[in-house]
Amino acid sequence: MAIVYVAYDGKWENNAYVDHKLKVLMVSMDKTCLALQMQIAKSIGIEEEASKIQMLYNANLETSKGVEIENDSDVEMYLYLVKNEEEYKKCPIIVEIEETTIQYTEGSKDSVVALYVEEEQILTTTLFQKTKKRRFQEVEETETSSSSSSSSVWESVSKSDKKRFMARCIDEKCEWYLSVWVYKNTIMYKVYTYKNVHTCSLEFSNPDHRHASSHLISKYIQNMLGDPKVEYKTNQVISDVKRVLEVTVNYQKAWRAMQNARDEVLGPASDSYGLLPSYWYVLKKNNPGSVTKIMKDSENRFKFLFVAYGLSIEGWKHCRPVIVVDGTFLKAKHGGILFVACAKDGNNGIFPLAFGVGESENNKAWEWFFTSLKEAIGGREELCIVSDRHLSIANAIKRVYPEAHHGICMHHLKENLIKRYMVAGLHDLFFKAARAYRHSEFEKYMSEMSSLNPKIKDYFLEIEPGRWARCLYPRMRYNIQTSNIAESINSAVKEAREQPILKLLDEPRKTFQN
């Protein structure tokens, strides 16, 4: 911030500004010329839309009144001098106010109004009207001068409300600028500043074309989203728009276009949640014995869901008593987590048991899923549950399945181990120890790992070897040492994770039951 003195309501005598009033302002160092004019106008109590403010400061030039402040660069230079040069610290901005006359045509508030530009450098008459949103909308422009203008350059609106409209060239270095203010108590808008010459290069192009909106782009990509098996990513949208429309768009606009296209092709993602009760009804009618649940919060908003197909519940009785669980994130508009529970049947095939959707992998979500799973499929003697080392899963199993043995996925444990202790040969030794059938072999490989780093043994003792080492299992795990079968189910419904909730739930039904 800089302390700025403002001198006004005075007169000039021999290039000196005398008999003036004085105000003191706090001005930020990044203040623009227009913003500084507005701050000064408010401070000294004038209506800027009815006056033209000229700013200058005395630079001790005996042959001149001072240095004029006309643009952002001039403001930056003045604030630098005030902040850093001792002789300029109390050098005021001298403000001269020129009253202006507004000409306008008569008409109703909905009629188009002609604007007359008073600056000498502007020879343009522009027509504006006020829209329903109280924003200025250019409806016609008639050039009366021969000044050049780059039609390939797009203007960016910097301010637009019921009192003002300001626009600059999309190239920040260009001097093209338009400032329009509403005249108090009238339906007229006055152009105060209009620099109608682009100083930017003709080769400059807008990196995010304003007319290439997300809604327009969505029309071109809808045919790419009909098949959930076809993965169409946001970066591909950017490439296709560049190739077809010859326009570069940013990642955010391409992502919004994807969401708009999905809403058009698959229906709005939010509406899909409201159709869940109807889907449950049809599902239970065609798959008797299915268990479905929905949990909502106090404001009647979706929180969790659970579904176990009737055939899965019946088939669980003939599967090995080992349940593998996992969670994977959803990529649809509202996000969330897909919970999966599966087992292995007598033919060593993957057998899906249940699916769930929640907001995240937290204690409450996993506990609700396990509670619903237990209510649907019941318990089994010598039951084992295998998962990764997510703490919320461990907490939920202790509360809902205290009788079950919780085993850890060998693969996830190996990944954590390698990240913590990056030692050559550790990978092979760990797998040999985990798969060893005899306790003596296990101890041998554990000793070899400890010789690589003594802290490794302490790390394994904290995890309990009986949860991951085959020779120390307290129960039969039927050679299921990883959560890979749950990962396989997640991979099978990978594309559906980007679909609305109904499409997501119907995909595993079609995949595993057809």
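In secondary structure, this protein, which I should say is a predicted model, comes to 16 helices and 21 strands. Of its 514 residues, 44% are buried, and the exposed surface amounts to about 28100 Å², with carbon and sulfur atoms supplying 48% of that area. If we take the contacts between residues at least 6 apart in sequence, 58% of them join residues at least 24 apart.

Let me now turn to one helix, α4, which spans residues 234-244, and to its neighbour in the numbering, α5, which spans residues 251-266. Their axes come within 9 Å and cross at roughly 105 degrees, which means that α4 lies roughly perpendicular to α5. On the α4 side, the residues that meet α5 are T234, N235, V237 and I238, and their counterparts in α5 are Y251, A254, W255 and M258. Sorted by class, this contact has six nonpolar and two polar residues, and no charged ones.

Which residues of α4 are buried? They are T234, V237 and V241, and because they cover an arc of only 45 degrees around the axis, they sit on the same side of α4. The general background is that an α-helix has 3.6 residues a turn, so residues three or four places apart point the same way. The buried residues of α4 pack against α5 and also against α3, residues 214-221, whereas on the other side of α4 we find N235 and R243 exposed.

Finally, a backbone detail: α4 is followed by E246, and the phi of E246 is positive, near 55 degrees.

Note on methods:
Residues numbered from 1 in each chain as written. Predicted model: local features only at pLDDT ≥ 70, side-chain atom pairs only at ≥ 80, totals over all residues. Heavy atoms only, no water. Helix = DSSP H or I, 4+ residues; strand = E, 2+ residues; numbered from the N terminus. Buried < 20%, exposed > 50% of the residue type's maximum accessible area, 1.4 Å probe, protein only. Contact = heavy atoms within 4.5 Å. Areas by Shrake-Rupley, 256 points an atom, 1.4 Å probe, with all protein chains shown as cover. Axes fitted to C-alpha atoms, helices over the stretch in contact; angles between N-to-C directions. Parallel < 35°, antiparallel > 145°, perpendicular 65-115°, else oblique. Nonpolar A, V, L, I, M, F, W, Y, C, P; charged D, E, K, R; others polar. Arc of directions from axis to C-beta.
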